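Welcome to a short set of exercises. Have a look at the model below, then work through each task before reading its solution.

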Amino acid sequence: MSEPIVLLLSGPNLNLLGQRDPEVYGAQTLQEHQATAEKAAAAHGLTLEHQQSNHEGELVEAIHAARGRCAAIVINPGAFTHYAWAIHDALATFEGPIIELHLSNPAAREPWRHTSVVAPVASGTVAGFGALGYRLALDATAALLKQ
Ligand code: CA2
């Protein structure tokens with residue numbers, strides 16, 4: 001039988017990681033985070049798929065395509081976290097665990113980052129651990145899938 005698929009979704013501007021603002025988001029590139037997540041997934045017998053988009057509609061469509069196909073979603077929605085209700089609504093239709101992931105800790109930043117429209121439909125949130133968060137998010141995903 002094939003391994004369960006975990007979809008890692010990355011939102012806008014995360015493709016620029018490693019090029020700017022290393023004091024906030026770390027020095028690693030998105031490809032390096034993807035590799036960390038792939039390794040953690042493999043250690044749990046899971047297959048990781050990754051998709052990055054700067055467009056809300058593309059992320060919504062990726063979530064739709066995951067329905068009935070992927071076992072779980074790990075999502076760093078970037079700034080969409082704070083206002084993209086279409087992503088909230090799409091995630092609400094997904095039947096498996098959803099982990100919200102952030103490199104920084106939005107709760108410790110500007111007030112407009114304190115609201116997450118994704119949190120109400122997520123199983124839980126991993127935030128503020130930088131690159132380590134990718135491994136923690138996959139560990140949490142695997143634990144939830146075993147339950
Ligand atoms: O901490 C996170 O992971 C965030 O989701 C990152 C988003 C931010 O809007 C959220 O509040 C928290 C921003 C991603 C921007 O990525 C950049 C990458 C390189 C250079 C500048 C921004």
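The exercises go from the whole chain to single residues, each with a worked solution.

This is a predicted model, in which local features need pLDDT of at least 70 and side-chain atom pairs count only at pLDDT 80 or more, while totals for chains, interfaces and linings use all residues. Residues are numbered from 1 along each chain as its sequence is written, and side-chain values use heavy atoms, with hydrogens and water left out.

**Exercise 1. Fold outline**

Task: list the secondary structure elements of the protein in order from the N terminus.

Solution. Start with the definition: helices are DSSP runs of H or I with at least four residues, strands are runs of E with at least two, and both are numbered from the N terminus. Next, count them: the protein has five helices and five strands. Finally, put them in order, which gives β-α-α-β-α-β-α-β-β-α.

**Exercise 2. Overall dimensions**

Task: find out why the radius of gyration of the protein agrees with that of a compact globule.

Solution. The rule for a globule is 2.2 Å times the number of residues to the power 0.38, and the radius is taken over C-alpha atoms. For 147 residues this predicts a value near 15 Å, and the protein has 14 Å, so the two agree. As a further step, look at the box filled by the C-alpha atoms along the principal axes: roughly 45 × 30 × 25 Å. Then turn to contacts (heavy atoms within 4.5 Å). Among those in the protein with a separation of 6 or more, 78% join residues 24 or more positions apart.

**Exercise 3. A residue in the last helix of the list**

Task: decide whether T141 is buried or exposed, and name the residues that it touches.

Solution. First, locate T141: helix α5, residues 132–146, contains it. Second, apply the cut-offs: buried is under 20% relative accessible area, exposed is over 50%, and partly exposed is in between (1.4 Å probe, protein chains only). T141 has 0%, so it is buried. By the same measure, 44% of the 147 residues of the protein count as buried. Third, leave out residues up to four places away in sequence; T141 then touches V6, A72, V74 and I99.

**Exercise 4. An aromatic pair**

Task: classify the geometry of the rings of F80 and Y83.

Solution. A pair of aromatic rings is described by the distance of the centres and the angle of the planes. Rings of Phe, Tyr and Trp (its six-membered ring) pair if their centres lie within 6.5 Å; planes under 30 degrees apart are stacked, over 60 edge-to-face, and the rest tilted. The structure holds one such pair. The centres of F80 and Y83 are 6.0 Å apart and the planes stand at 75 degrees, so the pair is edge-to-face. For the surroundings, F80 is buried at 7% relative accessibility, whereas Y83 is partly exposed at 48%.

**Exercise 5. Positive phi in a loop**

Task: work out where N13 and D21 lie and what their phi values are.

Solution. Begin with N13, which sits in the loop between β1 (5–10) and α1 (22–25). Its phi is positive, about 75 degrees, although N13 is not a glycine. With a relative accessible area of 52%, N13 is exposed. Now take D21, which also lies in the loop between β1 and α1. Phi of D21 is near 50 degrees, again positive in a residue other than glycine. D21 counts as partly exposed, at 29% relative accessibility.
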